[in-house]
Amino acid sequence: MNSSGRRKQEASGPRDRRAHRSLEKDRDVQLSKALSYALRHGALKLGLPMWADGFVSLGALLQLPQFRSFSAEDVQRVVDGNGKQRFALHPGDPSTGPLIRANQGMRPNCEVAVFINGPLALADGIPFFRSANGVILTPGNADGFLLPKYFKEALQLRPTRKPLSLSDNEETECQSGPRHTSRGRTMIRQ
């Protein structure tokens, strides 16, 4: 009986380990999604101070309610295990502790480029950050939008390069004016 009981325990051992790995993977996916939101879109709404280079204090991040069940080790595992290198960790200094940021870039197949009136946006308190690959990013205003009043110029890049109108004319607005998607990104209609 003792040996059969042992066999039963050994037989369920690998299954238990697989279940544990599956739960850990689910938690890692949950953490990765929460990190993406906080570091790419939600820092301003969450009251998370962000340096000009896009880094935030890992300690401050882990104090937010949605991160309290995660540890610095969990974050390190997600950063190290992410094949797309979505995040970067930096040791920081004694005053800041470890820092984390999202590594973001422009999609290579983008069809429209929007040029921003940086001085106007900065004067109105809109923050901008430089990503690891040199792309300038913004979380927008408190609602997560960069309003059209900050647009200087818009260019269609594909299939041929041509300027797009940013006119306040309602007829033009319907054809090519700015609109906001539910995710807070500004898009230009043609």
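**View 1. Three strands of this predicted model form an open sheet****.** The strand order is β4-β7-β8, and the pairing is antiparallel. β4 (112-116) and β8 (162-164) are the edge strands. Each of these two pairs on one side only. From one strand to the next, the twist averages 30°.

**View 2. β4 pairs with β7 in the antiparallel sense****.** β7 spans residues 151-156. Five bridges join β7 to β4. One residue pair to look for is Ala113 and its bridge partner in β7, Leu155. Strands of a sheet pair through backbone hydrogen bonds, either parallel or antiparallel.

**View 3. The largest nonpolar core has 22 residues****.** Those with the most contacts inside this core are Leu35, Leu39, Leu61, Phe67, Val75, Phe87 and Ile100. Four elements give two or more residues each: α1 (2-46), α2 (58-63), α3 (72-81) and β3 (99-102). α1 gives the most, with six residues. Another core, of five residues, lies apart from the largest one. Its members include Ala121, Ile126, Tyr150 and Phe151.

**View 4. Helix α3 has a buried side and an exposed face****.** Asp74, Val75, Val78 and Val79 are buried in α3. These four lie on the same side of α3 because they cover an arc of only 130° around the axis. Val75 is also among the residues with the most contacts inside the largest nonpolar core. The face of α3 turned away from the buried side carries Glu73, Asp80 and Gly81, which are exposed.

**View 5. Confidence along the chain is highest in α2 and lowest in α5****.** The mean pLDDT of the chain is 78. Of its residues, 73% reach 70 or more. The mean for α2 is 96. For helix α5 (residues 170-176), the mean is 37.

**View 6. Over residues 1-11 and residues 169-190, pLDDT stays under 50****.** For residues 1-11, the model has zero contacts beyond four places in sequence. For residues 169-190, the model has 46 such contacts. Where pLDDT is low, the predicted coordinates should not be read in detail.

Definitions and conventions. Residues are numbered from 1 along each chain as its sequence is written. This is a predicted model: local features need pLDDT of at least 70, side-chain atom pairs count only at pLDDT 80 or more; totals for chains, interfaces and linings use all residues. Side-chain values use heavy atoms; hydrogens and water are left out. A nonpolar core is a set of buried Ala, Val, Leu, Ile, Met, Phe, Trp, Tyr and Cys residues joined through side-chain atoms within 4.5 Å. Buried means under 20% relative accessible area, exposed over 50%, partly exposed in between (1.4 Å probe, protein chains only). Two strands pair if DSSP finds at least two bridges between them. Axes are lines fitted to C-alpha atoms, for helices over the stretch in contact, and angles run from 0 to 180 degrees between N-to-C directions. The arc is that of the directions from the helix axis to the C-beta atoms. pLDDT is the predictor's confidence in each residue, from 0 to 100. Contact means heavy atoms within 4.5 Å.
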